[in-house]
Amino acid sequence: MFTEATSPIDGVQMKAGFDVKVAPAEAATQGKTLADLAEKWDQGFTFAPIRESQVSRAMTRRYFNDLDSYAESDIVIVGAGSCGLSTAYMLGKARPDLKIAVIEASVSPGGGAWLGGQLFSAMVMRKPADAFLTDLGVPFEDEGDFVVVKHAALFTSTLLSKVLTFPNIKLFNATSVEDLITRQDDNGNIRIAGVVTNWTLVTMHHDDQSCMDPNTINAPIVISTTGHDGPFGAFCVKRLVSMNRIERLGGMRGLDMNVAEDAIVKRTREIVPGLIVGGMELSEVDGANRMGPTFGAMALSGVKAAEEALKIFDERKAQNAY
C-alpha cells in the first residue's frame with residue numbers, strides 16, 4: 001500500500017491511501033551501488049515501485065513551494081546565459097544568505113555558450129578571464145594572451161551545475177519576464193522593484209489566446225543579462241525605453257573584439273535604480289561593439305554585476321520595503 005500524507009485544502013482533509021500490487025521489496029534496487037548491479041540485469045533486477053501520482057506530487061509540490069518562497073527575492077537575474085550564470089555563481093559564493101531567483105526564457109539555460117563561433121566546439125577567452133575559469137575549475141590550454149577550453153559545453157555545464165548546487169539560488173527556466181515592477185518616489189523618479197513573469201509558451205501566444213495574466217516576483221535588485229536584441233534579447237532595456245525611463249537605445253555596433261570586451265565589463269552598472277545591466281544587453285544601451293566568439297567579457301561582466309549588486313543591496317532593500 002502507498003500512503004501519502006493527507007493534505008488539507010480549503011478545510012477539507014484529503015484521504016490519500018490506496019492499495020496497489022508491487023514487486024517484492026527484496027527485488028528493488030534501493031541502496032545498491034553500480035557494482036552491485038553490474039551484469040546482473042536478468043537476476044531479479046527491478047526498479048523500486050512507484051505510483052504515477054507520486055511523481056506528479058513530487059514535482060508540483062517542490063515547484064509551487066519555490067514559487068511561494070521566491071515571490072519575495074533579494075535579487076532576480078534575468079537571463080541564464082554565460083553572463084547571468086556567472087553573476088549567479090559569484091553572488092552564491094559571496095552571499096549565501098541572499099535569496100536569488102534566475103529567470104530563463106528557454107527550456108535549456110546557457111544561452112549561446114554551448115558552442116564557440118560558427119558552431120565550433122572550442123571556447124576562447126582572452127586573459128585575464130582565465131582567472132574565472134581557474135576559480136570555476138575548468139581546464140584550458142594557454143595560448144599566451146588567450147586561453148582555450150576544449151569544448152564550450154564543458155564551461156557552461158560546469159558553471160550551471162555549480163550554480164544549481166547553491167541552496168539559495170532557484171532557476172526558473174521556460175519562464176519569461178514580460179514586464180518590470182516599478183515604484184515611483186515623491187519626485188516622480190522610477191525605481192525597479194521586481195519582475196513580471198509568465199511561462200514562455202504563454203508569452204509566445206498572447207496574440208492568439210484570450211487574456212493570460214502573469215505572475216510577479218518582488219526584489220530590490222534586478223540584474224538583466226538577456227543579450228543583444230532578439231526575440232527575448234535586451235528585453236529590460238527595451239522596456240525602459242517604452243516606459244520613457246531612458247530616451248533611446250544606442251544600438252549594437254559592428255564587431256571589434258578589442259574594443260567590445262573592455263567596454264562591456266567596464267560599463268556593467270546600475271542603469272536605473274534597482275536595475276543592473278550586464279553582458280551584451282549593454283551593447284544595446286551604450287551603442288557598444290559586439291565581440292563575436294570570445295567569451296571572457298561575459299564571465300567578467302557577471303563578476304562585476306555581482307559586485308555592483310552587493311554595493312547597493314542594503315540601500316535598495318531599504319527602499320523596497322513597500
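**Entry 1: helix α5**

I began with the surroundings of α5 in this predicted model. Its buried residues pack against α3 (82-94), β7 (123-126), α4 (130-136), β9 (146-149) and β10 (169-173). I then listed which residues of α5 are buried, and found Ala152, Phe155, Thr156, Thr158, Leu159, Leu160 and Val163. I also checked the length of α5, which covers residues 152-165. With 14 residues at 1.5 Å a residue, the helix should span 20 Å, and its end C-alpha atoms are indeed 20 Å apart.

**Entry 2: the nonpolar cores**

Next I asked myself which residues touch the most other members of the largest nonpolar core. They are Ile75, Met125 and Ile223, in a core of 39 residues. Helix α10 (residues 296-319) gives this core its largest share, 7 residues. There is a second, separate core of 32 residues, and I noted Val78, Val195, Val272 and Met280 among its members.

I went back to Ile75 for its contacts beyond four places in sequence. Among them are Leu91, Ile100, Ile221, Ile223, Ala309 and Phe313.

**Entry 3: Asp74**

One step back along the chain I met Asp74, which sits in the loop between α2 (52-69) and β5 (75-78). Asp74 is buried but has no salt bridge. How far away is the nearest side chain of opposite charge? It belongs to Lys317, at 4.5 Å, while a salt bridge has to be within 4 Å. The side chain of Asp74 does reach the backbone nitrogen of Lys99, at 2.7 Å. Besides Lys99 and Lys317, I found Asp74 touching Asp97, Leu98, Ala219, Pro220, Ile221 and Phe313.

**Entry 4: Glu281 and Ala234**

I looked up another buried acid, Glu281, in helix α9 (residues 281-286). Glu281 has no salt bridge either, and Lys238, the nearest side chain of opposite charge, is 8.3 Å away. What does the side chain of Glu281 make a polar contact with? I found the side chain of Ser224, at 2.6 Å. The Glu281 side chain also reaches the backbone nitrogen of Cys236 at 3.3 Å.

Ala234 is one of the residues that Glu281 touches, so I followed that lead. Ala234 lies in the loop between β14 (221-224) and α7 (235-242). Its relative accessibility is 0%, so I logged Ala234 as buried. Glu281 and Glu284 are both in contact with Ala234, as are Thr226, Gly227, His228 and Asp229. I noted too that the C-alpha atoms of Ala234 and Met280 are 8.1 Å apart, although 46 residues separate them along the chain.

**Entry 5: salt bridges**

I counted 11 salt bridges. Lys93 pairs with Asp135, their closest N and O atoms being 2.7 Å apart. This pair links helix α3 to helix α4 across 42 residues of chain. Both partners are partly exposed, Lys93 at 40% and Asp135 at 41%.

Glu270 and Arg316 form another, at 2.8 Å. This one connects strand β16 (residues 269-272) with helix α10, and the partners are 46 residues apart. Glu270 is partly exposed at 23%, whereas Arg316 is buried at 8%.

My last pair was Lys311 and Glu308, at 3.2 Å. They are 3 residues apart in helix α10, which means about one helical turn lies between them. Lys311 is exposed at 63%, but Glu308 counts as buried at 17%. Finally, I noted that salt bridges with shared partners join Glu270, Glu315 and Arg316 into one network.

Definitions and conventions:
Residues are numbered from 1 along each chain as its sequence is written. This is a predicted model: local features need pLDDT of at least 70, side-chain atom pairs count only at pLDDT 80 or more; totals for chains, interfaces and linings use all residues. Side-chain values use heavy atoms; hydrogens and water are left out. Helices (H or I, at least four residues) and strands (E, at least two) are DSSP runs, numbered from the N terminus. Buried means under 20% relative accessible area, exposed over 50%, partly exposed in between (1.4 Å probe, protein chains only). Lys and Arg count as positive and Asp and Glu as negative; His and the chain ends are not counted. A polar contact is a pair of N or O atoms within 3.5 Å; within protein, one must be able to donate a hydrogen and the other to accept it, and residues adjacent in sequence count only if both atoms are side-chain atoms. Contact means heavy atoms within 4.5 Å. The expected span of a helix is 1.5 Å times one less than its number of residues. A nonpolar core is a set of buried Ala, Val, Leu, Ile, Met, Phe, Trp, Tyr and Cys residues joined through side-chain atoms within 4.5 Å.
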